[in-house]
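Please open the structure in your viewer and keep the selection panel at hand. The stops below go from one chain to a helix pair, then to the surfaces between molecules.

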There are 2 protein chains.
Amino acid sequence: MQEIAEEAGVNKALLHYYFRNKSRLGEAVFRRVATGMFARLTAILGGDADIEIKVTQVVETYLSQLSKVPYVPGYVLSELNQHPERSHQLLDIVRTLRSNPDTPDFLGALSKQLTRAAREGRIRPIAPDQFLVNLVSLCVFPFAARPMICAVLQLDDRGYERFMKQRAATLTQFFLDALRP
Amino acid sequence: MQEIAEEAGVNKALLHYYFRNKSRLGEAVFRRVATGMFARLTAILGGDADIEIKVTQVVETYLSQLSKVPYVPGYVLSELNQHPERSHQLLDIVRTLRSNPDTPDFLGALSKQLTRAAREGRIRPIAPDQFLVNLVSLCVFPFAARPMICAVLQLDDRGYERFMKQRAATLTQFFLDALRP
DNA sequence: TTACGTATTAACCATCTGGTCAAATTGTAT
DNA sequence: ATACAATTTGACCAGATGGTTAATACGTAA
C-alpha cells in the first residue's frame, strides 16, 4: 500500500479511504484490467461477421491491443492462479459483459455459426469451446509467456519484437488453415 | 517461511540452514519445477522422429503430464512475470538441458526438419519459432488459464475435465491440419 | 463569513515476516 | 565412551506491512 501510494503521489491513508482495504483495491484493479481484456473479444465473437472475418479481427485486435499493455495477460493469469476469489469476480465480469452491450450470448452465436459453416463444408467441424480456447491461446500465451519464449528461443528484446511482428503476419493464416475442410 | 516449514513438518530455522534465505529457496523450487516442464519437450523435439510424430508426442505428453501437476504452468508463468531474475535462471536451465542429455540443438534440428518437409511438399512452410510457440501455446495455456476458461465457458470442475478430455482427442489433428499443404 | 461535507494527511499501532544465534540433539568414525 | 561434525530447534530481533484515527485542508452552497 505504501508503495502504491507513493507511486500515485498520495498518502497511504487515502487509499484506505477510497478502497477500504488492500484486497478491495486489488479487486478494483483486476476488474478494470480484466474487463478491458475481454470486452473486445466478446464484442467481436458475438457479432454477425463471417467466421473468417472474426478470426482475423480477433487476432489483429488482440495482438495490437496487447502490444500496448503487454503486462496484462501475465497479470490476469497470475492473479487468477494466486487468488481463487478472482474466479468469482471474473465470472461476474463475464456476466456483466454478456448482458450490458449488444452481445447477448456470444458463445451460442459462435456455436451456431460454426456448425452451419461446417454443414456447408466451408470449414471442418470443431467444438466452439475448442475453437475459442485455441484462438485465445495462440493470441494471449505469447504475451503471458514472453520471458519463457525469450529464454527458450534465446531472443533479446528486439528479437522478441521481430518474433511478434512475424506472428501478426502469419497467425491468422495458420488458424484458418487448421479450419480448412 | 513459517508456513512452508509447518507444511514440511520442520522448524523454520532449518529452511534457512539449507537454503540460506527465502529467495534461494524460491529459486530452488523454480529450478526443479521448470526443469520438469521443459525436459520432455526438448527431448521430443530434439529427437529424429517425423514431424507429425513429434507433434503427436508433444501434445500427448504435455496434456497427460500436466494433468498430473496442473498447477505447474500457472506457477511458472506467475513466477516469471513477477520475478525478473527468474528469466536468467530459466535461460540457465535451458542451457543445461541443451548440453546435458542427447538433445544438443533441438531448435536447429527442428528448423532443418521443417524446411525439408516443406520443400518436399509434406507441410506448409512455417518458421520454427512460430511452430514451437503455436504448439506450446495450445498445450500449456489451457492449464495456466483454467480459471479463465471455466469462467468464460461457464464450466464447473467436471465440465473442465470433459473439455480437456475432448481437447486431448482433437488437438493433434487440429495442429496437423494447420500444417497440411 | 459561516457551515458542512469531502478530501487528505501525519502519527500511531498490532501483527506478520524474514532472518539470526546459541544451544541441544543426532549421527558416526575412532 | 569420546570427540567431532552435521542436523534441528526455541527464542529472539528488526523491519516491513496493513490498517486506524484524530486532526487538518479544501471546496462550495447559503
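Select chain A and colour by secondary structure: there are 10 helices and zero strands, in the order α-α-α-α-α-α-α-α-α-α along the sequence. Helices (H or I, at least four residues) and strands (E, at least two) are DSSP runs, numbered from the N terminus. This is a predicted model, in which local features need pLDDT of at least 70 and side-chain atom pairs count only at pLDDT 80 or more, while totals for chains, interfaces and linings use all residues. Residues are numbered from 1 along each chain as its sequence is written, and chains are lettered from A and ligands numbered from 1 in the order in which they are written.

The C-alpha trace of chain A spans about 60 × 45 × 25 Å along its principal axes. Of its 181 residues, 33% are buried (20 or more other C-beta atoms within 10 Å of the residue's own, C-beta atoms being placed from the backbone).

Next, select residues 22-46 and 71-82 of chain A, helices H3 and H5. Their axes (lines fitted to C-alpha atoms over the stretch in contact, with angles from 0 to 180 degrees between N-to-C directions) come within 10 Å and cross at roughly 125 degrees. H3(A) and H5(A) are therefore oblique to each other (that is, not under 35, over 145 or 65 to 115 degrees). Show Phe30(A), Val33(A), Ala34(A) and Met37(A) on H3(A), and Val72(A), Tyr75(A), Val76(A) and Glu79(A) on H5(A); these make the contact (C-beta atoms, placed from the backbone, within 7 Å). Seven of these residues are nonpolar, none polar and one charged (Ala, Val, Leu, Ile, Met, Phe, Trp, Tyr, Cys and Pro count as nonpolar, Asp, Glu, Lys and Arg as charged, and the others, Gly among them, as polar).

Now show chain B. Here 38 residues of chain B are in contact with 39 residues of chain A. H8(B) gives the largest share of the chain B side, 10 residues. That side has 23 nonpolar, 10 polar and five charged residues.

Which residues are around DNA strand C? From chain A, select Val10(A), Asn11(A), Ala13(A), Leu14(A) and Tyr17(A); from chain B, Met1(B), Gln2(B), Lys12(B), Ala13(B), His16(B), Asn21(B) and Lys22(B). A residue is near a strand if its C-beta atom, placed from the backbone, lies within 6 Å of it.

Finally, move to DNA strand D, where the surrounding residues include Lys12(A), His16(A), Asn11(B) and Tyr17(B). The surface there has six nonpolar, four polar and two charged residues.

Notes: Contact = placed C-beta atoms within 7 Å. Buried ≥ 20, exposed ≤ 12 C-beta atoms within 10 Å, placed from the backbone.
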